[in-house]
Amino acid sequence: MKILEKMSLRGKKIFVTGGARGIGKSIASAVAEAGADVAIIDIDIEEALKTADEICKENDVKTMALKADVTNPDDVNNMVEAILAKFGRIDVAFCNAGICMNIPAEEMTYDQWKKVMDVNLNGVFLTAQAAGKVMIKQGGGSIINTASMSAHIVNVPQPQCSYNASKAGVVQLTKSLAVEWALKNVRVNSISPGYIGTELTLNSPSLKPLIEQWNQMAPLKRMGRPDELQAIAVYLAGDTSAFTTGADFVIDGAFTCI
Ligand code: NAD
């Protein structure tokens, strides 16, 4: 079989948290284009429904949209049950939902700190754990967590200690789960994007004014686009990445090299 045929995701059942827009939407579109049925999970159900509808119309696949808050264990478990009821199995889970707060450490309240850790780290744990239990029973699967280059560097000039710490946690959680579940045939990897043009960056009042400065610093002198993360997502979701587990893929246009 040729490599592109081997990379097909036809028949796979995939969900993406934070899938309504941005990086999650781009990943969901890519895996659907590669043949997978896809569930869009988000707290913003209206946007999730629109995205699921759009992807369904553009591809010959099944889609569904579900409202779930990844910080709520009941929501996460109900979401998994609903996907199993419609799709029958879960082959791939993208734990992608995340938020950012730019607040100086000395001014950050404990609630603000906890909110970021809750969505970015606890949410990834809850989602990966729920998907992992299903995959272990099924005999295998692939989990892909969205970390960030902020797991590896301290971004400047914005103060974002909770975000950086949460994303470093995602990378180490990914490696831990990969080792624990290796012999259960459940692979766990992370993607660490650099600055990508999405709502989170382009329309954030605190981040938008910094874009020019980031671009000056960046070796490629620009931000990335969500579609520039699609190929790695399709690769990690599919069977050609069978020997790839416990890895973190930094896709940042060499930003972390400087
Ligand atoms: P985005 O804000 O455009 O989209 C995030 C989506 O997640 C939204 O649809 C939102 O409704 C959803 N969401 C937020 N909290 C949720 C929750 N508790 N439960 C379920 N859904 C929730 O952001 P994005 O730029 O697409 O970021 C996606 C992921 O990529 C995040 O984990 C982010 O930290 C990471 N990331 C983004 C960049 C970037 O520059 N944009 C860089 C590195 C990493």
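**Helix α2 and the fold around it**

Nine of the twelve residues of α2 are buried, so this helix is largely enclosed by the rest of the structure. The model is a predicted one, and "buried" here stands for a relative accessible area under 20%. The buried positions in α2 are Ile 23, Gly 24, Ser 26, Ile 27, Ala 28, Ser 29, Ala 30, Val 31 and Ala 32. Their cover includes the strands β1 (13-17), β2 (37-42), β4 (92-95) and β6 (186-193), together with the helices α3 (45-58) and α9 (230-237).

The helix itself runs over residues 22-33, and from its first C-alpha to its last it reaches 17 Å, which is close to the 16 Å expected at 1.5 Å a residue. Just after α2, Gly 35 adopts a positive phi of about 110°.

Turning from this helix to the whole protein chain, one finds nine helices and seven strands, and 53% of the 258 residues count as buried. A compact globule with 258 residues would have a radius of gyration near 18 Å, and the 17 Å of the protein chain therefore agrees with that expectation. Along the principal axes, the C-alpha atoms fill a box of roughly 45 × 40 × 35 Å. Among contacts with a separation of 6 or more, 73% come from residues 24 or more positions apart.

At the surface, the protein chain exposes about 12000 Å², of which carbon and sulfur atoms supply 55%. The chain carries 25 positive and 28 negative charges, and the mean positions of these two sets lie 6 Å apart.

Methods. Residues numbered from 1 in each chain as written. Predicted model: local features only at pLDDT ≥ 70, side-chain atom pairs only at ≥ 80, totals over all residues. Heavy atoms only, no water. Helix = DSSP H or I, 4+ residues; strand = E, 2+ residues; numbered from the N terminus. Rg over C-alpha atoms; globule rule 2.2 N^0.38 Å. Buried < 20%, exposed > 50% of the residue type's maximum accessible area, 1.4 Å probe, protein only. Contact = heavy atoms within 4.5 Å. Areas by Shrake-Rupley, 256 points an atom, 1.4 Å probe, with all protein chains shown as cover. Lys, Arg positive; Asp, Glu negative; His and termini not counted. Charge placed at Lys NZ, Arg CZ, Asp CG, Glu CD. Expected span 1.5 Å × (residues − 1).
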